[in-house]
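Please look over the sequence and the model shown below. The text after them goes through a few features, one group at a time.

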Amino acid sequence: MTDFHQEGVITTLHGLYTALDRQAYLEALESRLKEHSRHLKIGLLLPCLISELENRSVLDRILAEIGPVRYLASVVVALGGAPQEARFQEARAYFRRLETPQREVRVVWVDGPRIQNIFRRLESRDISTGLPGKGQSVWIALGYLFAREACQVIALHDCDIATYDRVLLGRLIEPTVNPNNDFAFCKGFYARISLAERAMKGRVSRLFLTPLVDTLRDVMADQGHPGLVRFFNFYRAFNYPLAGECSFQARLGRGLNIAYDWGLEVSTLSEVFHRLHPRNIAQIDLAPNYDHKHQPLSPDDQAAGLHRMAADISRFFLDAVRSAGVPLNDAFVDMIRRTYYRNGMRFIKRYSDDAEANGLCYDRFQEEMTLRHFRDFFWSAWEQNKDRTEGTLIPAWNRVLFSVPDIYSCLVEAVEADNS
């Protein structure tokens, strides 16, 4: 059972329910959600690659858990990586099992000709829709949800969660749909432990993001940039900033710019930081442990695995610093890189002690080698993008509507035609 300590600028909702009877807790939670759903419609957005349909043991479990839920009004699957119509129809037939008289299910065929025509039309109006990937799929599926006005609260999670259950889903949604609180955005967090290896996972979060944000906060404090100190303190308030699970009110979502690269999660937190008061933001412990597919480090491939993830995150934070009026050059970024590495070594000692106290395996040498790779990824990301002027954000739907007023009707027509 986790503690009840509150630290940082946002509210942390702990997993204290683990001290209770789990089934009784689930029944009470879903009863509350069913009551809340009478007043606020709830939608679930599932970004899914067609390749994830090959891992049916995981997806079957997810759909089996969602199936009995009675508080969802809509499930929208953002299907990526499926240019062939046969694969789209396969996915459509697979997810249709979630449909009930009270719950509609739609699959947004991101690679289909109708959606691709919409992308081309937007690009012709100088509205960047980014590159194919999770961020682009999430963005277009959100547009469909907003166009339908089918829900006021939206939850989002991935389709590769091996430890998925209904408690996770209910807890993810409850903070933003509960009328008794003020939360417009809620981020999930959890432990990442491999039971097979008896070891900590979440390398990008533990060894890259956390020590990097710590470093950037301290450097900006020394340089006299209080606004950036608040910005990076905000990130440090989250237990797992890279978690793919969140819920939010649709009104907020319409104003969020969405990153199309692997900086999606950190950029979303930046959008939330600039749009909400901290009292309207929460994080919630979703599960005692969480397992999904593990990405390779890919040190020799900048376009794959954790290499690409760390590079995209690096670019986002460097852009955030420059956008705040701080000039960057090689010497300054090299100082950040070296300070990050020294800070990361201190974190490795803490992780090692934590693992030992919990009877986990911990390969400290391998962790240090991974830290070195992350240090190098950060520098190469800077060298490749120091003269870049454009970011990776797709404009918020509220902004798109100003340029293309009929875009919502076109989007609804395209998705309904694909699903008819």
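Arginine 337 sits over the face of tryptophan 379, and the distance to the ring centre is 4.7 Å. Another arginine over a ring is arginine 350, which lies over the face of phenylalanine 347 at 5.0 Å from the ring centre. These values, like those that follow, come from a predicted model.

Next come pairs of aromatic rings. A pair of this kind is described by how far apart the two centres are and by the angle between the two planes. A search of the whole structure finds 20 aromatic pairs. In one of them, tyrosine 17 and tyrosine 25 have ring centres 4.6 Å apart and planes at 20°. This pair counts as stacked because planes under 30 degrees apart are classed that way. Both tyrosine 17 and tyrosine 25 are buried. Phenylalanine 234 and tyrosine 235 also form an aromatic pair, but this pair is edge-to-face, with 6.1 Å from centre to centre and 85° between the planes.

Are phenylalanine 234 and tyrosine 235 buried or exposed? Phenylalanine 234 has a relative accessible area of 2%, so it falls under the 20% limit and is buried. Tyrosine 235 is buried as well, with a relative accessible area of 2%. The two residues belong to one aromatic cluster, which is formed by Phe231, Phe232, Phe234, Tyr235, Phe238, Phe273, Phe316 and Phe317.

Several members of this cluster can be found in helix H8, which covers residues 226-236. The buried residues there are Leu228, Val229, Phe231, Phe232, Phe234 and Tyr235. What do the buried residues of H8 pack against? Their partners are helix H7 (203-222), helix H10, strand S11 (281-287) and helix H11 (305-323).

Helix H10 spans residues 264-275, and serine 270 is part of it. Serine 270 has a relative accessible area of 8%, and because this is under 20%, the residue counts as buried. Leaving aside residues up to four places away in sequence, serine 270 touches Phe231, Tyr235 and Phe316. These three contacts of serine 270 are also members of the aromatic cluster.

The last topic is enclosed space. How many cavities of 30 Å³ or more does a search of the whole structure find? The search finds two. The largest cavity has a volume of about 160 Å³. Its lining has 16 residues, and Leu156, Cys246, Phe248, Leu264 and Thr268 are the ones that lie nearest the centre. Helix H5 (134-148), strand S6 (185-190), strand S9 (246-249) and H10 are the elements that each give two or more residues to this lining. The largest share, four residues, comes from H10. Sorted by class, the lining of the largest cavity holds 11 nonpolar, two polar and three charged residues.

The second largest cavity contains about 40 Å³ of space. Leu209, Thr210, Val213, Tyr235, Arg236, Phe238 and Pro241 line this cavity. Two or more residues of the lining come from each of H7 and H8, and H7 gives the most, with three residues. By class, the lining of the second largest cavity divides into five nonpolar residues, one polar and one charged.

Tyrosine 235 links several of these features. Its ring forms the edge-to-face pair with phenylalanine 234, serine 270 touches it, and it is among the residues that line the second largest cavity.

Technical notes:
Residues numbered from 1 in each chain as written. Predicted model: local features only at pLDDT ≥ 70, side-chain atom pairs only at ≥ 80, totals over all residues. Heavy atoms only, no water. Buried < 20%, exposed > 50% of the residue type's maximum accessible area, 1.4 Å probe, protein only. Contact = heavy atoms within 4.5 Å. Phe/Tyr/Trp six-rings, centres within 6.5 Å; stacked < 30°, edge-to-face > 60°. Lys NZ or Arg CZ within 6 Å of the ring centre and 35° of its normal. 1 Å grid on protein atoms, 1.4 Å probe; cavity = no way out; pocket = protein on both sides within 12 Å on 5 of 7 lines; lining within 4 Å. Points joined across faces, edges and corners; volume = space filled by probe spheres on them. Nonpolar A, V, L, I, M, F, W, Y, C, P; charged D, E, K, R; others polar.
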